[in-house]
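Student: I'm new to this one. Could you take me through the place where the ligand sits?

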Amino acid sequence: MDKKILVVFYSRTGTTKKIAQEIANALSCDMEEIIDKKDRSGVRGFMSGGKDAMKRNLTEINNIEKDPSNYDIIVIGTPVWAANMTPAIRTYISKYKDSFKNVAFFCATGGTGIERTLIEMEVLCGKKPVATFSVTSRQMKSEIYPGFNEFIETIRNWSKQ
Ligand SMILES: Cc1cc2nc3c(=O)[nH]c(=O)nc-3n(C[C@H](O)[C@H](O)[C@H](O)COP(=O)(O)O)c2cc1C
């Protein structure tokens with residue numbers, strides 16, 4: 001029997017959301033958006049976001065609708081902020097990691113901090129991801145996402161085991 005998959009993401013300006021939607025479409029699975037209750041808009045939001053991400057600060061997030069313990073794998077997506085995951089995704093993982101059975105990660109980035117972000121996510125979850133994927137702003141513009149199909153196929157094949 002195919003396993004149950006949940007895509008969870010935070011997105012400030014829509015890039016990670018677009019990728020999350022494409023992943024959820026490709027895998028025909030549920031999706032949950034994490035909302036940061038702290039205002040991250042404008043220059044002040046950018047500054048506070050960068051500072052909180054760098055300091056590994058937690059934030060306040062919305063109540064979740066999908067219980068992660070009902071899923072076999074949580075596919076978690078975040079923008080890269082200050083070469084790290086966002087405070088919203090750090091908070092989600094910190095709160096719910098004990099109910100994660102398996103994980104996969106993806107991130108959207110201007111171009112740097114990918115490796116570090118993915119490692120921090122792995123360490124915080126305490127689990128090796130089944131697959132990882134990242135996309136840069138330039139790749140988003142060109143609508144060519146190297147590694148996207150492999151990411152989907154790896155999760156699809158894993159879910160059929
Ligand atoms: C506070 C802040 C810090 C950022 N830090 C980085 C960074 O360290 N490296 C990088 O390549 N891009 C960085 N970015 C750019 C975002 O990762 C990139 O624009 C991403 O696609 C945004 O995703 P979103 O549209 O889902 O919010 C930063 C953006 C913000 C708002």
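Tutor: Here's a walk around the ligand, and then the pocket. This is a predicted model, where local features need pLDDT of at least 70, side-chain atom pairs count only at pLDDT 80 or more, and totals for chains, interfaces and linings use all residues. Residues are numbered from 1 along each chain as its sequence is written, and side-chain values use heavy atoms, with hydrogens and water left out.

Start with the shell around the ligand: 18 residues, among which Ser11, Thr13, Thr15, Thr16 and Val80 come nearest (a residue is near if one of its heavy atoms lies within 4 Å). By type, that shell has seven nonpolar residues, 10 polar and one charged (Ala, Val, Leu, Ile, Met, Phe, Trp, Tyr, Cys and Pro count as nonpolar, Asp, Glu, Lys and Arg as charged, and the others, Gly among them, as polar).

Now zoom in on single atoms. A polar side-chain atom of Thr13 is 2.4 Å from a ligand oxygen atom. Two nitrogen atoms come up next: Thr112 has a polar side-chain atom 2.8 Å from a nitrogen atom of the ligand, while a backbone N or O atom of Ala82 lies 2.9 Å from a nitrogen atom of the ligand. The protein covers 84% of the 650 Å² of accessible area that the ligand has on its own (Shrake-Rupley method, 1.4 Å probe; for residues, only the protein chains shown count as cover).

Helix H1 (15-27), helix H2 (42-54) and strand S4 (103-109) each give two or more residues to the shell (helices, H or I, of at least four residues and strands, E, of at least two are DSSP runs, numbered from the N terminus).

Definitions and conventions. A polar contact is a pair of N or O atoms within 3.5 Å; within protein, one must be able to donate a hydrogen and the other to accept it, and residues adjacent in sequence count only if both atoms are side-chain atoms.
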